[in-house]
Amino acid sequence: MEKAFGMEVGFFEKSVIFRQKIKLKARQVTVSGKLEYMTCNDQKCLPPDDIDFSISVK
């Protein structure tokens, strides 16, 4: 239970790995997107931030 938001909040500590299966329509493609994240402690949250990413997949 997160008191600051008044609700149950999921979180990851130290590291996390997200996996996604994809089907390629070509021999090589580039997967790109944007990751939005925010970090908090028991007193405050920093503003959300975005990271653009691009990954070559063979």
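Partly exposed residues are those with a relative accessible area between the buried limit, under 20%, and the exposed limit, over 50%. Phe53, in this predicted model, has 36% relative accessibility and therefore counts as partly exposed. Phe53 is found in strand S2.

Phe53 belongs to a nonpolar patch on the surface. The other members are Ile22, Leu24, Val31, Leu35, Tyr37, Ile51 and Ile55. Together, the patch residues have about 660 Å² of accessible area. Strands S1 and S2 each supply at least two residues of this nonpolar patch. S1 covers residues 29-37, and S2 covers residues 49-57.

Ile55 is another patch member and is also found in strand S2. The relative accessible area of Ile55 is 45%, so Ile55 is partly exposed. Ile55 and Ser32 are 23 residues apart in sequence. In space, the C-alpha atoms of Ile55 and Ser32 are 6.2 Å apart.

Strand S2 also contributes to a charged region. Glu36, Asp49, Asp50 and Asp52 form a negative surface patch. Three residues of the negative patch come from S2, the largest share. Asp50 is one of the patch residues and lies in S2. With a relative accessible area of 39%, Asp50 is partly exposed. That value is over 30%, so Asp50 passes the accessibility cut-off for patch residues.

The cysteine link is described next. The structure holds one disulfide. A disulfide is a covalent bond between the sulfur atoms of two cysteines. Here the partners are Cys40 and Cys45, with their sulfur atoms 2.0 Å apart. This separation is within 2.5 Å, so the pair counts as a disulfide. The angle about the S-S bond is 110 degrees, and the link of Cys40 and Cys45 is right-handed. Cys40 has a relative accessible area of 38%. The corresponding value for Cys45 is 30%. Cys40 is partly exposed, and Cys45 is partly exposed.

A backbone feature appears in the segment before strand S1, where Lys14 is found. Phi of Lys14 is near 70 degrees. This is a positive value in a residue other than glycine. Lys14 has 91% relative accessibility. The value is over 50%, so Lys14 counts as exposed.

Technical notes: Residues are numbered from 1 along each chain as its sequence is written. This is a predicted model: local features need pLDDT of at least 70, side-chain atom pairs count only at pLDDT 80 or more; totals for chains, interfaces and linings use all residues. Side-chain values use heavy atoms; hydrogens and water are left out. Buried means under 20% relative accessible area, exposed over 50%, partly exposed in between (1.4 Å probe, protein chains only). Helices (H or I, at least four residues) and strands (E, at least two) are DSSP runs, numbered from the N terminus. Patches are made of residues with over 30% relative accessible area and no salt bridge: like charges are joined within 9 Å, nonpolar side chains (Val, Leu, Ile, Met, Phe, Trp, Tyr) within 5 Å. Accessible areas come from the Shrake-Rupley method with a 1.4 Å probe; for residues, only the protein chains shown count as cover. A salt bridge is a side-chain nitrogen of Lys or Arg within 4 Å of a carboxyl oxygen of Asp or Glu. Lys and Arg count as positive and Asp and Glu as negative; His and the chain ends are not counted. The place of a charge is taken as NZ of Lys, CZ of Arg, CG of Asp or CD of Glu.
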